[in-house]
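Visitor: I'd like to learn how to read a fold like this one. Could you walk me through it, feature by feature?

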Amino acid sequence: MALSLCIDTSSKNCSVAIFENSKLLSVKEKKFDKPSHSEKVNVFIDTLLNEKKISFSDFDFFAISNGPGSFTGLRIGVATVKAFCFANKRPLVSVSSMKIMSEQVIRTNNDFDLYCAAVDARGNEIYYSQFDKKNNIITDTVLISIEQTKSIINKKQKYILFGDATSKIRSIVSQKNIKFLKGIYPSASDMGAIAYEKFKNKNFEIIENFEPNYLKDFIVNKK
């Protein structure tokens with residue numbers, strides 16, 4: 001049996017979950033319009049540990065979503081999980097936030113050829129990735145313009161698009177072979193099976209060197 005603590009802070013949804021192998025034991029999450037991860041993630045963790053009467057030393061590994069997504073959210077999540085790994089001498093597993101969303105969508109929509117995660121990267125850009133119905137990666141996550149989605153999608157396959165950038169894509173792409181899903185955000189409750197598989201294969205991150213998958217440079221906007 002492997003007990004894990006999974007954390008996702010890559011979007012406006014701040015979520016924490018505890019798994020036994022790939023079985024979800026408990027989850028705590030909430031969507032925030034304003035950045036609140038730094039205030040809430042450790043509160044959520046404490047709540048779960050108290051509810052399940054679990055201590056940090058009971059976990060066999062810790063898992064974090066590695067992005068892409070909110071720069072601030074990713075930094076907070078990664079810093080948090082690194083501290084847990086160092087303090088308890090446990091391995092770190094990372095999971096793509098795009099794959100986490102795809103895992104969620106596939107569970108209730110299993111009749112599409114391609115599952116496409118699209119996350120708002122601000123401006124005219126999005127993060128985009130494609131998966132098959134078994135959640136195998138078809139297209140690695142890339143940073144593209146909204147207009148480029150026209151050339152990616154063809155009429156011979158059935159697509160389902162999800163993520164907070166779907167409204168942007170829908171404004172310029174309207175083929176009948178595409179289904180758009182609203183309100184899909186990465187959740188720690190969908191990380192368990194993916195993280196456990198990595199744990200079994202000892203696919204761990206080097207904690208000291210691990211950084212989120214930002215995919216674009218951080219830009220500070222001057223007021």
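Guide: Sure, starting with vocabulary: two strands pair if DSSP finds at least two bridges between them. Helices (H or I, at least four residues) and strands (E, at least two) are DSSP runs, numbered from the N terminus. Residues are numbered from 1 along each chain as its sequence is written. This is a predicted model, where local features need pLDDT of at least 70, side-chain atom pairs count only at pLDDT 80 or more, and totals for chains, interfaces and linings use all residues, while side-chain values use heavy atoms and leave out hydrogens and water.

Visitor: How do E2 and E3 pair?

Guide: Strand E2, residues 13-20, pairs with E3 in the antiparallel sense, over eight bridges. Val16 has Lys28 in E3 as its bridge partner, and Phe19 stands opposite Leu24 in E3. The hairpin of E2 and E3 has two residues between the strands, and Asn21 there takes a positive phi near 55°.

Visitor: What is the strand order in the sheet that holds E1?

Guide: Read across, the order is E3-E2-E1-E4-E5, an open sheet of five strands with mixed pairing. Strand E3 (23-31) and strand E5 (92-95) are at the edges with a single partner strand each, so one side of each has no neighbour in the sheet. For angles, axes are lines fitted to C-alpha atoms, for helices over the stretch in contact, and the values run from 0 to 180 degrees between N-to-C directions. Neighbouring strands here are turned by 15° against each other on average, direction ignored.

Visitor: Which helices pack against those strands?

Guide: Contact means heavy atoms within 4.5 Å. Helix H1 (residues 37-52) packs on the sheet and touches strand E1 (3-8), E2 and E3, with its direction at about 25° to that of E2. Helix H6 (residues 192-200) lies across E1, E2, strand E4 (61-65) and E5, and runs at about 135° to E5.

Visitor: Is Ser4 buried or exposed?

Guide: Buried means under 20% relative accessible area, exposed over 50%, and partly exposed in between (1.4 Å probe, protein chains only). Ser4 is in strand E1, and at 1% relative accessibility it counts as buried. Leaving aside residues up to four places away in sequence, Ser4 touches Ala17, Ile18, Phe19, Phe59 and Phe61. For contrast, take Pro35, in the loop between E3 and H1: Pro35 is exposed, with a relative accessible area of 73%. Pro35 and Lys12 are 23 residues apart in sequence, yet 7.0 Å apart in space, C-alpha to C-alpha.

Visitor: And how should I read a helix such as H2?

Guide: Begin with the periodicity: an α-helix has 3.6 residues a turn, so residues three or four places apart point the same way. Then check the length against the expected span, which is 1.5 Å times one less than the number of residues. Helix H2 (residues 71-88) has 18 residues and reaches 26 Å from its first C-alpha to its last, close to the expected 26 Å. Its buried residues include Phe71, Leu74, Val78, Val81 and Cys85. Among the elements covering the buried residues of H2 are E1, H1, E4, E5 and strand E7 (125-131). Just after H2 comes Lys89, with a positive phi near 55°.

Visitor: What is the order of the strands in the sheet with E6?

Guide: That open sheet has five strands too, in the order E8-E7-E6-E9-E10, with mixed pairing. Strand E8 (137-145) and strand E10 (178-181) are the edges; each has a single partner strand, so one side of each lacks a neighbour in the sheet. The twist averages 20° from one strand to the next. E7 and E8 run antiparallel, joined by six bridges, and Gln130 has Thr139 in E8 as its bridge partner. Helix H3 (residues 97-106) packs on this sheet, its direction at about 130° to that of strand E6 (114-120).

Visitor: Which residues of E9 are buried?

Guide: Tyr159 and Leu161 on one side, Ile160 and Phe162 on the other, so both faces of E9 are covered. E6 and E9 run parallel, joined by four bridges, with Cys116 partnered by Leu161 in E9. E9 also pairs with E10 in the parallel sense, over four bridges, and Ile160 has Lys179 in E10 as its bridge partner.
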